[in-house]
Amino acid sequence: MKRFHIRAQRINNIFISHLHGDHYLGLMGLLSTMHLLGRKKPLKLYGPKGLAEIITLQLKYSETVFNYEVEFHTVDTQVHRVVHEDDFIRVHSIPLNHRIPCSGYLFEEKPKKRRIIKEMLPPDFSVRNIVRLKNGEDIEDEEGNIAYENTKYTHPPKKSFKYAYCSDTKYDESILPYIQGVDMLYHESTFLDEQAERAANTFHSTAKEAATIAKKAGAGRLLLGHFSIRYKELEPLKEEARTVFENSDLAIEGEDYVLGNS
Ligand SMILES: [Zn+2]
Ligand SMILES: [Zn+2]
(Lines give C-alpha, C1' and ligand atoms only; values in the text may rest on other atoms or scores of the structure.)
(Ligands and ions follow the chains in the order given, each with its own letter.)
Protein backbone atom coordinates (compact mmCIF):
# COMPACT_ATOMS: atom_id res chain seq x y z
CA MET A 1 0.00 0.00 0.00
CA LYS A 2 2.85 2.33 0.88
CA ARG A 3 4.57 1.59 -2.41
CA PHE A 4 1.42 2.53 -4.32
CA HIS A 5 0.67 5.60 -2.19
CA ILE A 6 -2.56 4.24 -0.76
CA ARG A 7 -3.19 6.03 2.51
CA ALA A 8 -4.16 3.58 5.24
CA GLN A 9 -5.98 6.27 7.17
CA ARG A 10 -8.50 6.73 4.37
CA ILE A 11 -9.69 3.15 4.79
CA ASN A 12 -12.77 2.84 6.98
CA ASN A 13 -14.06 -0.62 6.07
CA ILE A 14 -12.14 -3.86 5.55
CA PHE A 15 -13.81 -6.98 4.17
CA ILE A 16 -12.20 -10.37 4.86
CA SER A 17 -13.39 -13.39 2.85
CA HIS A 18 -12.13 -16.26 5.00
CA LEU A 19 -9.53 -17.27 7.52
CA HIS A 20 -6.90 -18.91 5.34
CA GLY A 21 -3.62 -17.15 6.04
CA ASP A 22 -3.10 -15.73 2.56
CA HIS A 23 -6.28 -13.70 3.03
CA TYR A 24 -5.84 -12.08 6.41
CA LEU A 25 -2.43 -12.60 8.03
CA GLY A 26 -1.42 -9.08 6.99
CA LEU A 27 -4.39 -7.60 8.79
CA MET A 28 -2.87 -7.40 12.28
CA GLY A 29 0.12 -5.54 10.87
CA LEU A 30 -2.14 -3.10 9.06
CA LEU A 31 -4.26 -2.47 12.15
CA SER A 32 -1.10 -1.89 14.22
CA THR A 33 0.28 0.51 11.61
CA MET A 34 -2.97 2.49 11.71
CA HIS A 35 -2.59 2.68 15.50
CA LEU A 36 1.03 3.86 15.26
CA LEU A 37 0.06 6.47 12.66
CA GLY A 38 -2.28 7.95 15.26
CA ARG A 39 -5.60 6.83 13.89
CA LYS A 40 -8.58 8.01 15.95
CA LYS A 41 -11.61 7.23 13.82
CA PRO A 42 -13.26 3.82 14.16
CA LEU A 43 -12.55 1.05 11.66
CA LYS A 44 -15.16 -1.47 10.58
CA LEU A 45 -14.00 -5.01 10.06
CA TYR A 46 -16.18 -7.53 8.23
CA GLY A 47 -15.38 -11.22 8.17
CA PRO A 48 -16.45 -14.73 9.13
CA LYS A 49 -16.87 -15.94 12.68
CA GLY A 50 -13.52 -16.24 14.44
CA LEU A 51 -11.89 -13.09 13.07
CA ALA A 52 -12.88 -10.95 16.06
CA GLU A 53 -11.57 -13.63 18.42
CA ILE A 54 -8.21 -13.87 16.67
CA ILE A 55 -7.64 -10.10 16.66
CA THR A 56 -8.84 -9.69 20.25
CA LEU A 57 -6.54 -12.47 21.42
CA GLN A 58 -3.50 -10.92 19.76
CA LEU A 59 -4.26 -7.59 21.40
CA LYS A 60 -4.75 -9.28 24.74
CA TYR A 61 -1.42 -11.11 24.79
CA SER A 62 0.55 -8.18 23.43
CA GLU A 63 -1.15 -5.99 26.04
CA THR A 64 -2.03 -3.52 23.33
CA VAL A 65 -4.95 -1.13 23.29
CA PHE A 66 -5.47 0.64 19.99
CA ASN A 67 -6.22 4.35 20.19
CA TYR A 68 -9.13 3.79 17.79
CA GLU A 69 -12.08 1.48 17.92
CA VAL A 70 -12.29 -1.68 15.80
CA GLU A 71 -15.92 -2.48 15.12
CA PHE A 72 -16.34 -6.18 14.31
CA HIS A 73 -19.11 -7.29 11.98
CA THR A 74 -19.48 -11.05 11.71
CA VAL A 75 -20.52 -12.09 8.21
CA ASP A 76 -22.75 -15.15 7.79
CA THR A 77 -20.96 -16.91 4.94
CA GLN A 78 -24.04 -18.97 4.06
CA VAL A 79 -26.28 -16.13 2.93
CA HIS A 80 -26.45 -13.28 0.45
CA ARG A 81 -27.36 -10.17 2.39
CA VAL A 82 -26.41 -6.54 2.93
CA VAL A 83 -23.41 -6.33 5.26
CA HIS A 84 -22.56 -2.65 4.81
CA GLU A 85 -24.33 0.42 3.53
CA ASP A 86 -23.55 4.13 3.46
CA ASP A 87 -24.57 7.12 1.30
CA PHE A 88 -22.55 5.95 -1.69
CA ILE A 89 -22.26 2.20 -1.62
CA ARG A 90 -24.00 -1.01 -0.64
CA VAL A 91 -22.08 -4.23 0.04
CA HIS A 92 -23.63 -7.71 -0.07
CA SER A 93 -22.05 -10.95 1.05
CA ILE A 94 -21.77 -13.72 -1.57
CA PRO A 95 -21.74 -17.29 -0.17
CA LEU A 96 -18.75 -19.09 -1.70
CA ASN A 97 -17.89 -22.76 -1.88
CA HIS A 98 -14.53 -23.27 -0.17
CA ARG A 99 -12.95 -25.65 2.33
CA ILE A 100 -13.77 -23.39 5.27
CA PRO A 101 -16.55 -20.76 5.65
CA CYS A 102 -15.92 -18.14 2.96
CA SER A 103 -17.74 -15.10 1.65
CA GLY A 104 -17.27 -13.01 -1.45
CA TYR A 105 -18.48 -9.43 -1.59
CA LEU A 106 -20.57 -7.47 -4.06
CA PHE A 107 -19.82 -3.73 -4.08
CA GLU A 108 -22.63 -1.71 -5.57
CA GLU A 109 -22.53 2.05 -6.08
CA LYS A 110 -25.81 3.73 -5.29
CA PRO A 111 -27.47 5.87 -7.98
CA LYS A 112 -25.56 9.12 -8.33
CA LYS A 113 -26.94 12.65 -8.45
CA ARG A 114 -27.72 14.46 -11.70
CA ARG A 115 -24.97 16.87 -12.78
CA ILE A 116 -25.74 20.60 -12.81
CA ILE A 117 -24.98 22.60 -15.96
CA LYS A 118 -23.63 25.57 -14.04
CA GLU A 119 -23.43 28.10 -16.87
CA MET A 120 -27.18 27.72 -17.51
CA LEU A 121 -28.14 28.92 -14.04
CA PRO A 122 -28.35 32.52 -12.79
CA PRO A 123 -25.60 33.49 -10.30
CA ASP A 124 -28.07 33.92 -7.42
CA PHE A 125 -29.59 30.47 -7.83
CA SER A 126 -30.09 29.02 -4.35
CA VAL A 127 -28.20 26.05 -2.94
CA ARG A 128 -31.50 24.51 -1.95
CA ASN A 129 -32.68 24.54 -5.55
CA ILE A 130 -29.36 23.17 -6.76
CA VAL A 131 -29.88 20.21 -4.44
CA ARG A 132 -33.40 19.77 -5.84
CA LEU A 133 -32.13 19.82 -9.41
CA LYS A 134 -29.44 17.28 -8.52
CA ASN A 135 -32.19 15.06 -7.15
CA GLY A 136 -34.04 15.23 -10.44
CA GLU A 137 -36.80 17.69 -9.48
CA ASP A 138 -38.14 20.55 -11.60
CA ILE A 139 -38.15 24.00 -9.95
CA GLU A 140 -41.40 25.93 -10.03
CA ASP A 141 -41.96 29.70 -9.81
CA GLU A 142 -44.35 31.36 -7.38
CA GLU A 143 -47.35 30.69 -9.61
CA GLY A 144 -46.51 27.00 -9.74
CA ASN A 145 -45.29 27.01 -13.33
CA ILE A 146 -42.12 25.14 -14.16
CA ALA A 147 -39.32 27.71 -14.19
CA TYR A 148 -36.38 25.33 -14.43
CA GLU A 149 -37.07 22.07 -16.18
CA ASN A 150 -34.69 19.52 -14.75
CA THR A 151 -33.46 17.97 -17.99
CA LYS A 152 -32.55 21.40 -19.40
CA TYR A 153 -30.36 22.32 -16.45
CA THR A 154 -28.77 19.00 -15.60
CA HIS A 155 -26.93 16.18 -17.29
CA PRO A 156 -27.88 12.60 -16.40
CA PRO A 157 -25.98 11.11 -13.45
CA LYS A 158 -22.75 9.23 -13.98
CA LYS A 159 -23.15 5.48 -14.24
CA SER A 160 -23.18 3.48 -11.02
CA PHE A 161 -20.91 0.46 -11.09
CA LYS A 162 -21.00 -3.02 -9.61
CA TYR A 163 -17.93 -4.99 -8.67
CA ALA A 164 -17.92 -8.53 -7.31
CA TYR A 165 -15.01 -10.10 -5.45
CA CYS A 166 -15.14 -13.93 -5.43
CA SER A 167 -12.21 -15.65 -3.77
CA ASP A 168 -11.60 -18.39 -2.73
CA THR A 169 -14.09 -20.76 -4.28
CA LYS A 170 -14.50 -23.84 -6.39
CA TYR A 171 -16.63 -23.58 -9.51
CA ASP A 172 -20.15 -23.00 -8.29
CA GLU A 173 -22.98 -21.60 -10.37
CA SER A 174 -25.09 -20.86 -7.33
CA ILE A 175 -23.38 -17.45 -7.12
CA LEU A 176 -24.67 -16.42 -10.57
CA PRO A 177 -27.88 -14.71 -9.41
CA TYR A 178 -25.88 -12.53 -7.03
CA ILE A 179 -23.32 -11.33 -9.54
CA GLN A 180 -25.55 -11.03 -12.61
CA GLY A 181 -24.51 -8.09 -14.82
CA VAL A 182 -21.62 -6.84 -12.69
CA ASP A 183 -19.31 -4.41 -14.47
CA MET A 184 -16.27 -6.18 -13.11
CA LEU A 185 -15.84 -9.60 -11.60
CA TYR A 186 -12.76 -10.67 -9.70
CA HIS A 187 -12.79 -14.46 -9.61
CA GLU A 188 -10.09 -16.69 -8.30
CA SER A 189 -8.25 -18.71 -10.90
CA THR A 190 -5.75 -20.80 -9.00
CA PHE A 191 -5.10 -23.39 -11.72
CA LEU A 192 -5.12 -24.07 -15.44
CA ASP A 193 -7.80 -26.40 -16.75
CA GLU A 194 -5.33 -29.32 -16.93
CA GLN A 195 -5.49 -29.23 -13.11
CA ALA A 196 -9.29 -29.18 -13.01
CA GLU A 197 -9.46 -32.20 -10.74
CA ARG A 198 -6.98 -30.74 -8.33
CA ALA A 199 -8.91 -27.48 -8.39
CA ALA A 200 -12.15 -29.25 -7.45
CA ASN A 201 -10.46 -31.29 -4.70
CA THR A 202 -8.88 -28.23 -3.10
CA PHE A 203 -12.02 -26.05 -3.52
CA HIS A 204 -10.37 -23.76 -6.02
CA SER A 205 -11.15 -22.82 -9.64
CA THR A 206 -9.40 -22.93 -12.99
CA ALA A 207 -9.05 -19.98 -15.35
CA LYS A 208 -11.57 -21.59 -17.68
CA GLU A 209 -14.06 -22.01 -14.84
CA ALA A 210 -13.64 -18.41 -13.73
CA ALA A 211 -14.28 -17.32 -17.33
CA THR A 212 -17.37 -19.54 -17.54
CA ILE A 213 -18.78 -17.88 -14.43
CA ALA A 214 -18.03 -14.43 -15.92
CA LYS A 215 -19.73 -15.39 -19.18
CA LYS A 216 -22.81 -16.86 -17.52
CA ALA A 217 -23.10 -13.85 -15.21
CA GLY A 218 -22.93 -11.46 -18.18
CA ALA A 219 -20.06 -9.64 -16.49
CA GLY A 220 -18.47 -6.68 -18.26
CA ARG A 221 -14.96 -7.68 -17.43
CA LEU A 222 -13.13 -10.47 -15.60
CA LEU A 223 -10.08 -10.13 -13.41
CA LEU A 224 -8.24 -13.35 -12.65
CA GLY A 225 -6.28 -13.74 -9.45
CA HIS A 226 -5.06 -16.05 -6.67
CA PHE A 227 -2.65 -17.92 -8.95
CA SER A 228 -0.86 -21.02 -7.75
CA ILE A 229 2.84 -20.40 -7.15
CA ARG A 230 3.51 -23.32 -9.52
CA TYR A 231 2.96 -20.92 -12.45
CA LYS A 232 6.05 -18.88 -13.27
CA GLU A 233 4.26 -17.55 -16.34
CA LEU A 234 0.74 -16.21 -15.89
CA GLU A 235 -0.12 -15.48 -19.54
CA PRO A 236 -1.41 -19.03 -20.14
CA LEU A 237 -4.05 -18.48 -17.45
CA LYS A 238 -5.22 -15.33 -19.21
CA GLU A 239 -5.17 -17.02 -22.63
CA GLU A 240 -7.20 -19.94 -21.29
CA ALA A 241 -9.81 -17.61 -19.78
CA ARG A 242 -10.02 -15.64 -23.04
CA THR A 243 -11.02 -18.74 -24.98
CA VAL A 244 -14.28 -18.60 -22.99
CA PHE A 245 -14.59 -14.93 -22.04
CA GLU A 246 -12.72 -12.40 -24.16
CA ASN A 247 -12.61 -9.53 -21.67
CA SER A 248 -10.37 -11.35 -19.18
CA ASP A 249 -7.25 -9.95 -17.57
CA LEU A 250 -4.75 -10.88 -14.90
CA ALA A 251 -5.06 -8.97 -11.62
CA ILE A 252 -1.52 -7.72 -11.09
CA GLU A 253 -0.54 -5.97 -7.89
CA GLY A 254 -0.07 -2.24 -8.39
CA GLU A 255 -2.07 -2.05 -11.63
CA ASP A 256 -5.17 0.12 -11.89
CA TYR A 257 -8.36 -1.38 -13.27
CA VAL A 258 -10.76 1.45 -13.99
CA LEU A 259 -14.50 1.01 -14.22
CA GLY A 260 -15.45 3.24 -17.18
CA ASN A 261 -15.38 7.03 -17.27
CA SER A 262 -18.95 7.87 -18.19
ZN1 LIG B 1 -8.61 -20.31 0.93
ZN1 LIG C 1 -6.43 -18.29 -0.76
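The buried residues of helix α7 are covered by elements that include α5 (176-179), β12 (184-188), β13 (222-225), α8 and β14 (248-250). I should say at once that we are looking at a predicted model. Helix α7 spans residues 207-217, and 8 of its 11 residues are buried, so the helix is largely enclosed by the rest of the structure. The buried positions are Ala207, Lys208, Glu209, Ala210, Ala211, Ile213, Ala214 and Ala217. Directly after the helix comes Gly218, which has a positive phi, near 65°.

Let me take the surroundings of this helix in turn, starting with its helical neighbour. How do α7 and α8 pack? Helix α8 covers residues 235-244, and the two helices meet at an angle of about 35°, their axes being 8 Å apart. Their crossing is right-handed. On the α7 side, the contact is made by Ala207, Lys208, Ala210, Ala211, Thr212 and Lys215; on the α8 side, it is made by Leu237, Glu240, Ala241 and Val244. Sorted by class, this contact comprises 6 nonpolar, 1 polar and 3 charged residues. Two of the charged residues, Lys208 and Lys215, come from α7, while Glu240 comes from α8.

I turn next to the sheet. Seven strands make up an open sheet with mixed pairing, in the order β4-β5-β6-β11-β12-β13-β14. Which strands stand at the edges? They are β4 (82-85) and β14; each has a single partner strand, so one side of each is left without a neighbour in the sheet. From one strand to the next, the twist averages 20°.

Within this sheet, three pairings deserve a closer look. Strand β5 (residues 89-95) runs antiparallel to β6 (residues 103-109), with 7 bridges between them; here Val91 has Phe107 as its bridge partner in β6. Strand β6 also pairs with β11 (residues 162-166), again in the antiparallel sense, over 4 bridges. In that pairing, Tyr105 is matched with Tyr165 of β11. By contrast, β13 and β14 pair in the parallel sense, over 3 bridges, and Leu222 is placed opposite Ser248 in β14.

Helix α7 packs on this sheet, where it touches β12, β13 and β14, and its direction makes about 150° with that of β12. Helix α8 lies across β13 and β14 and runs at about 165° to β14. Both helices therefore meet β13 and β14, as well as each other, as described above.

The remaining neighbour I wish to discuss is α5, through one of its residues, Leu176. Is Leu176 buried or exposed? It has 12 C-beta neighbours inside 10 Å and so counts as exposed. Leaving aside residues up to four places away in sequence, Leu176 touches Lys216 and Ala217. Leu176 and Lys216 are 40 residues apart along the chain, yet their C-alpha atoms are separated by 7.2 Å. Of these two contacts, Ala217 is among the buried residues of α7.

Finally, the wider setting. The domain assignment divides the protein chain into domain 1 (1-74), domain 2 (78-111 + 159-262) and domain 3 (115-155). Domain 2 is thus written as two segments of the chain. How far apart do the C-alpha centres of domain 1 and domain 3 lie? The separation of those two centres is 45 Å.

Definitions and conventions
Residues are numbered from 1 along each chain as its sequence is written. Chains are lettered from A and ligands numbered from 1 in the order in which they are written. This is a predicted model: local features need pLDDT of at least 70, side-chain atom pairs count only at pLDDT 80 or more; totals for chains, interfaces and linings use all residues. Axes are lines fitted to C-alpha atoms, for helices over the stretch in contact, and angles run from 0 to 180 degrees between N-to-C directions. A crossing is left-handed if the near helix is turned anticlockwise from the far one by less than a right angle, and right-handed if clockwise. Two residues are in contact if their C-beta atoms, placed from the backbone, lie within 7 Å. Ala, Val, Leu, Ile, Met, Phe, Trp, Tyr, Cys and Pro count as nonpolar, Asp, Glu, Lys and Arg as charged, and the others, Gly among them, as polar. Two strands pair if DSSP finds at least two bridges between them. Domain bounds come from an automatic or database domain assignment. A residue is buried if 20 or more other C-beta atoms lie within 10 Å of its own, exposed if 12 or fewer, and partly exposed in between; C-beta atoms are placed from the backbone.
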